Amino acid sequence: MRPHSLNHAFEWRPVSGPLQFLTDDQAHHYDEQGYVLIEEAFDDETINRVTAAVDPLEQRQEEWLRQQGGTYLIGRADEITFSTHLVLTSEVLRQFARSPVLLGLCADLIGPEVRLYWDQAVYKKPYTTSSFPWYQDNGYAFIDPQQYLTGWIALSDVDEENGCPWVVPGAHRRGTLAHAITPHGLVCLEDPAEAVPVPAASGGIVVFSSLTPRCTGANRTPGVRRAYIAQYAPDGAEVVHVDGDGRETRVPADDPGRQFRVLEQGRPVPA
């Protein structure tokens, strides 16, 4: 595991409490392992409402991919789609991003000042044979501070047969790792022996650190594996870009349309 070129002397910031949503055991598991599964986080009505909001937007993305010849970046028509920034077009998802479950996780694991950083739906289509490679969220765009939060919400039951997440427990404490570019996405590890699967029933949420190496397996079933992902970062976080001459540019992660405040002084910010 080689560190990212911008990862200098990283130190993991442990959960300090007092906790608003997580139990002590859940917070400890997140601290030590880099992830925690919250089962039955959302009821069927909520999941159905979110899925109904996402499905037509994902179908639009699928059709757009076909117009591009079937692939664009890491999206592949009829295999895997990444539908991003859905809060810009869906009031349902804007409200969902402020749900008590997600804000409780933000308060416990980030702090009192929090913004939505990124949202997207990832649909893995039936009989998709390829896995999505090992990566860290902070490998795709280097965020400072490196430690932010990913909520991976299962919109359908996910297991080893249809492409549930896998993680490398404990590796988050190394900070951001170096990533290589491949046709299927960035890669920071190759087949780590210590990897474990994290299956989840619909309505569950897998909570990752942005620094937890993870991947998802193939979908060997006839159904679509649906997930919605909401990421949150501390207010004041910046995306760090480095040009070919080594010069750094920092861009605040505060786009008012899609990176809105969700917690201010520990209190929910109304829509």
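How many residues lie between β16 and β17 in the hairpin that they form, and which residue in the turn has a positive phi? In this predicted model, five residues lie between the two strands, and G246 in the turn has a positive phi of about 85°. The strands themselves, β16 with residues 238-242 and β17 with residues 248-252, run antiparallel and are joined by five bridges. One of the residues taking part is V242, whose bridge partner in β17 is E248.

A second region of interest is strand β4, which spans residues 80-84 and includes I80; S83 also has its place in β4. I80 counts as buried because its relative accessibility is 3%, which is under the 20% cut-off. S83, with a relative accessibility of 2%, therefore counts as buried as well.

The table lists the accessibility of these two residues.

| Residue | Relative accessibility | Class |
|---|---|---|
| I80 | 3% | buried |
| S83 | 2% | buried |

The surroundings of each residue can be described by its contacts. Leaving aside residues up to four places away in sequence, I80 touches L65, I74, G75, V122, Y123, K124, K125 and F132. Of K125 it can be added that it is 45 residues apart from I80 in sequence, while the C-alpha to C-alpha separation of the pair in space is 5.9 Å. For S83, with residues up to four places away in sequence again not counted, the residues touched are L57, E58, Q61, D119, Q120 and A121.

Terms used:
Residues numbered from 1 in each chain as written. Predicted model: local features only at pLDDT ≥ 70, side-chain atom pairs only at ≥ 80, totals over all residues. Heavy atoms only, no water. Helix = DSSP H or I, 4+ residues; strand = E, 2+ residues; numbered from the N terminus. Buried < 20%, exposed > 50% of the residue type's maximum accessible area, 1.4 Å probe, protein only. Contact = heavy atoms within 4.5 Å. Pairing = 2+ DSSP bridges.
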